[in-house]
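Reader: I've got the model open and would like to know what sits behind the labels. Can you walk me through them?

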Amino acid sequence: MIAVTQPRRVAATSLATRVAAEQGVKLGGVVGYSVRFDETCGVETKIKYVSDGMLVRELLSDPVLSRYSVIILDEAHERTLRTDFLIANLKTIQAKRKQVTDAKGKGKGAASEANPLKIIVMSATLDAEKFSRFYNNAKILYVKGRQHPVKTFHTAVGQTDYVDSALRTFFQIHVDQPPGDVLIFLPGQEDIDSLEKSIKMYARRLPVSCMNVLVFPMYASLPPSLQARIFSSTPAKSRKCILATNIAETSITIPGIKFVIDTGKCKEKRYLSKNTGGGFDTLLTRDITKASAMQRAGRAGREGPGFCFRLYTEEAFNGLAAAAEPEIRRCSLTQSVLELKCLGQDLEAVEFMDPPDINSVVAALKTLWILGALDNSKALTPLGRQMASFPVEPNLACIILASNTHGCTSEVVDIVSLISSSSNLFLDITDQRDAIADARSKFRHPSGDHLTMLNALRAYQEMAQSESKGSRRDWCRQHFLNERTLTEALKIRDQLRLTCQRAKLDWRGSKKDSEEAVMRSFTAGLIQNSALLQPDGTYKQLMGHSVVKIHPGSTLADKKVPAIIFDELVYTSQIYARGVSSVPRSYFSGATPTLPNGS
């Protein structure tokens with residue numbers, strides 16, 4: 001097989017769909033894809049588009065990726081954590097398979113490992129020399145693209161409100177420029193939702209003689225059916241406006257784009273460990289790099305001459321970093337360390353293009369030791385190997401394994417499925433929080449958000465059995481619930497149940513009065529995400545000692561409880577805990593799960 005890796009799920013699925021259509025074959029046959037919680041491929045598949053994380057997971061069951069003869073690492077310039085993991089391991093795998101191939105010629109070696117491996121690293125903005133040196137001076141091929149000229153404009157002064165500036169720029173284009181679709185790059189979903197409402201509102205006030213405006217959002221957590229709308233042809237007397245995160249910078253080509261508006265901002269995952277006590281991942285809005293700016297401008301010149309309007313000065317552009325810092329230098333390494341341990345490797349010993357920060361490595365080892373995945377000698381435990389078998393973060397896998405001990409796996413798998421979804425279940429609209437609280441009162445559980453989520457999911461399932469699709473949508477809207485999250489969670493649940501069966505866990509395990517069992521299970525995995533109430537009314541982390549606040553969208557936002565556990569910390573002007581539940585302090589002792597019977 002040929003594997004083509006993509007840093008983003010939407011790129012893998014849309015490329016597979018496009019190539020299958022061009023080849024005139026059914027998707028899932030000769031051409032297929034595999035992304036987290038979604039796979040469409042079979043025994044006939046020869047070309048498989050995969051998210052880089054899924055190929056990493058294949059390594060755990062097939063350490064030399066023997067099914068593949070060619071692996072293409074696409075968009076390698078993005079240097080995601082998974083991509084760097086693959087870059088390092090593929091170099092080792094290639095050497096090992098070559099060694100076996102040579103030995104086979106002398107009558108030795110395993111046939112399944114004997115086929116040589118070809119590696120192709122691709123990108124439009126790649127430091128090719130650096131990659132070539134890493135792969136023992138591999139050949140560099142420069143392929144001229146069919147790029148049309150793009151005229152670039154910068155603002156005369158810096159813009160403080162990039163959303164408002166993008167709104168004004170769009171309508172200047174719409175009123176003054178000839179037909180052609182517009183692509184606007186924004187940092188995140190919140191900005192996209194805000195700008196979408198504003199554009200639709202002002203578009204209704206335009207003269208009848210103006211073209212219609214069709215607005216389509218584009219971000220990673222959007223359902224595939226809604227993502228696909230951006231590729232549709234633009235009707236006559238209309239202009240399509242795509243509002244996208246940096247997901248649209250690479251990999252996908254949106255037909256009809258003639259104008260690009262670049263806010264110069266993106267959201268970047270970063271592991272914060274300094275000045276905040278304990279470490280945690282957070283998404284921070286930051287300036288893009290020159291490489292990203294060039295990619296964004298290039299989107300306007302795919303089908304003909306185009307225009308790029310940068311909402312920042314030329315001086316600001318010249319001051320941008322050349323390329324983004326690799327994720328391995330700024331993200332949590334907990335899952336990567338666990339995966340390497342399963343492969344019999346140590347992160348410190350792996351040859352990476354850019355070595356990780358030693359503090360991040362230590363933090364990952366500490367986390368895995370606390371969860372029981374590693375022993376005192378940093379060796380992988382049987383429990384750690386079980387954690388790695390689940391397609392979720394180690395702390396969530398730990399929760400599922402702990403639920404087997406407490407007899408509440410059914411409830412825990414439901415909640416973990418919701419947490420693992422790509423968007424939040426509860427819609428948080430600042431100016432409607434009173435109405436939201438009233439609408440959700442029937443789901444509210446006194447312990448907090450986790451069991452409230454479970455109540456909402458089960459109410460949705462009960463209602464969905466007898467109601468139509470439209471009624472389900474209305475029900476979710478009335479209760480300020482994200483229906484997309486609910487439907488995605490049910491698919492994730494199916495996969496987690498299957499993984500439980502393979503791990504010899506009974507996912508049907510349930511208790512009539514399950515509150516204590518569920519909370520004990522969650523405490524096992526979220527022991528590092530815990531905080532104690534202080535005399536001054538604040539919460540201080542049990543590990544890390546940062547002062548945190550309960551997020552205003554939580555069911556516990558207006559309550560004071562002795563101790564809390566939480567899913568994540570969100571850093572804005574303050575450190576907020578999201579996905580919060582109250583637990584007794586006594587739960588923090590003896591929280592490590594045990595292996596299921598027979599393992």
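**Helices and domains**

Author: Start with helix α16 (residues 449-464) and helix α18 (residues 483-502), whose axes come within 11 Å and cross at roughly 90°. This is a predicted model, where local features need pLDDT of at least 70, side-chain atom pairs count only at pLDDT 80 or more, and totals for chains, interfaces and linings use all residues. Residues are numbered from 1 along each chain as its sequence is written, and side-chain values use heavy atoms, leaving out hydrogens and water.

Reader: Why is α16 called roughly perpendicular to α18?

Author: Angles of 65 to 115 degrees count as roughly perpendicular. The crossing is roughly 90°, so α16 gets that label relative to α18.

Reader: Which residues make the contact between α16 and α18?

Author: Contact means heavy atoms within 4.5 Å. Leu-457, Tyr-460 and Gln-461 in α16 meet Glu-483, Leu-486, Thr-487, Leu-490 and Arg-493 in α18. By class, that's four nonpolar, two polar and two charged residues.

Reader: What makes up the interface of domain 1 and domain 2?

Author: Domain 1 spans 2-125 and domain 2 spans 150-322, with bounds from an automatic or database assignment. In contact are 11 residues of domain 1 and 10 of domain 2. Together the two domains bury about 860 Å² (accessible area lost on being put together, 1.4 Å probe, summed over both).

Reader: How many salt bridges cross that interface?

Author: The rule wants a side-chain nitrogen of Lys or Arg within 4 Å of a carboxyl oxygen of Asp or Glu. Between domain 1 and domain 2 it finds zero.

How values were computed:
Axes fitted to C-alpha atoms, helices over the stretch in contact; angles between N-to-C directions. Helix = DSSP H or I, 4+ residues; strand = E, 2+ residues; numbered from the N terminus. Parallel < 35°, antiparallel > 145°, perpendicular 65-115°, else oblique. Nonpolar A, V, L, I, M, F, W, Y, C, P; charged D, E, K, R; others polar.
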